[in-house]
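Work through the exercises below with the model open beside you. Try each task before reading its solution.

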Amino acid sequence: GTPEDNSGNYGTLDLIASLQWVRDNIEAFGGDAGNVTVFGESAGGFNTFSLLASPLARGLFHRAGIQSGVPGSVGLEAAWRATDDERPGVAGSSTEVLLAQLQLDGAKSRDDAKAKLAGMSADAIAAYLKQRTPSQLIAPFKSSSFGMYDAPALLRDGHVLPPGDVMTMLQSATVPVLLGTNRDEYKLFMVGNPQYVSRFLGLRIKDEVAYERDARFVTDVWRAIGVDAPVDALSRSGVGVYAYRFDWDDEPKSFFADVPKLLGAAHGLEIGFVFDDEDSEFDAFGVNTDENAAQRVKLARAMSSYWVQFARTGDPGQGVDGTLPTWEQPGDAHRFIVFDVEAKGGLRMDQGALTVDGVEEAMWKNPDFTSDPALCQRAKGVFKDFAGQVGAWTDERAQRFKERCP
């Protein structure tokens, strides 16, 4: 019955409890409770955005790093309503899960399940759910690629997270933030998709033009929402903000797989570099070789040096020893640092920003999207999934897709 109990944001509350433990205990381990950095990749970046937005986390950390994250959240009403209500909820909402549970438990149809649910009190619903096994509880959640469930995660409850969207809260952030994406984020999710890749005698891209087109499109939406829009919001807060793009793609190429084309600078590949892990236990794709070791290790040393200096001071500057190129703040030109090997430009500042509107406009200029109904619908799904989390799936955007998708 407490605001925390009622929030639904139990993962975020766990993170906050961990930070409270650090505040109260880390000095006994030689740590400094006054200089705590939180950072995470992908879902970890998602979590870091939640800590930046939560008033309960204020003062518990002093720098934040976000690798390939998105500042998504869902309003409480959308998190419980059915998808076919007059004011529709989201996929995986509590009502949708309950309707699915009831159908798995014998309801003859969705309408029958709705009728049963309408006759249940809150106490009856709680008792019903507590009788379900773990397998039964998880069954209604639809798993997409990599076992990720389609369900609301961060809820704008008004206590743990503010009622407004996370992006708005970033405008009042109080700690420096480092954030970025990888140049080919989406390729990690494409390489195992039979729509794009054949597994006959190795891994072969079926249509290289389509592969690059779709990878670029989704990655651009990801960057627009996960980096460039937050940079704008954070710049208004007056805290230090530092953006990057990870471009390393020196994976080995063989008869069985052209890994540089299949993966490139894909989602997650920067993790080993940030931790300066040249042995890289993360190397699930065999990307680390003797041939690329020298430049790979040099880049990893540089990246980890920037991250450590940021954790120490709130400014990655020129790295720990002061010998690397200066990592500048974005400013009006949206400057960001590029991480790559020397043969491909090395460490360097670049500039430019992507917007959701700009990515959509470029998409409509590509005849592939307007001539292929299936592709257009997939593009719509990307915008709803990514842009919807930050309030950018507007009625106007939805209407454009309705009019332009064949």
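The exercises cover helix packing, strand pairing and two single residues.

This is a predicted model, in which local features need pLDDT of at least 70, side-chain atom pairs count only at pLDDT 80 or more, and totals for chains, interfaces and linings use all residues. Residues are numbered from 1 along each chain as its sequence is written, and side-chain values use heavy atoms, with hydrogens and water left out.

**Exercise 1. Describe how helix α5 packs on helix α6.**

Step 1: locate the helices. α5 covers residues 94–104 and α6 covers residues 110–118. Helices (H or I, at least four residues) and strands (E, at least two) are DSSP runs, numbered from the N terminus.

Step 2: take the geometry. The two axes come within 9 Å and cross at roughly 110°. Axes are lines fitted to C-alpha atoms, for helices over the stretch in contact, with angles from 0 to 180 degrees between N-to-C directions.

Step 3: classify. α5 and α6 are therefore roughly perpendicular to each other. Angles of 65 to 115 degrees count as such, under 35 as roughly parallel, over 145 as roughly antiparallel, and the rest as oblique.

Step 4: list the contacts (heavy atoms within 4.5 Å). Thr95, Glu96, Leu98, Leu99, Leu102 and Gln103 of α5 meet Arg110, Ala113, Lys114, Lys116 and Leu117 of α6. By class, this contact has 5 nonpolar, 2 polar and 4 charged residues. Ala, Val, Leu, Ile, Met, Phe, Trp, Tyr, Cys and Pro count as nonpolar, Asp, Glu, Lys and Arg as charged, and the others, Gly among them, as polar.

**Exercise 2. Place alanine 107 and find its contacts.**

Step 1: alanine 107 sits in the loop between α5 and α6.

Step 2: at 9% relative accessibility, alanine 107 counts as buried. Buried means under 20% relative accessible area, exposed over 50%, and partly exposed in between (1.4 Å probe, protein chains only).

Step 3: set aside neighbours within four places in sequence. Alanine 107 then contacts Leu102, Asp112, Ala113 and Lys116.

**Exercise 3. Describe the packing of α11 and α15.**

Step 1: α11 (residues 208–237) and α15 (residues 356–365) pack at about 160°, with axes 9 Å apart.

Step 2: the two helices are therefore roughly antiparallel to each other.

Step 3: Phe217, Asp220, Val221, Ala224 and Ile225 of α11 and Val356, Val359 and Met363 of α15 make the contact. These residues divide into 7 nonpolar, no polar and 1 charged.

**Exercise 4. Which residues does phenylalanine 386 touch?**

Step 1: phenylalanine 386 lies in helix α17 (residues 373–386). Its relative accessible area is 16%, so phenylalanine 386 is buried.

Step 2: leave out residues up to four places away in sequence. Phenylalanine 386 touches Val70, Val218, Val221, Trp222 and Ile225.

**Exercise 5. Analyse strand β8 and its partners.**

Step 1: 6 of the 6 residues of β8 (residues 241–246) are buried, so this strand is largely enclosed by the rest of the structure.

Step 2: sort the side chains. Val241, Ala243 and Arg245 point one way, Tyr242, Tyr244 and Phe246 the other.

Step 3: find the pairings (at least two DSSP bridges between two strands). Strand β5 (residues 177–182) pairs with β8 in the parallel sense over 6 bridges. Valine 177 has valine 241 as its bridge partner. Strand β9 (residues 335–339) runs parallel to β8, joined by 3 bridges. Here arginine 245 is partnered by valine 338.
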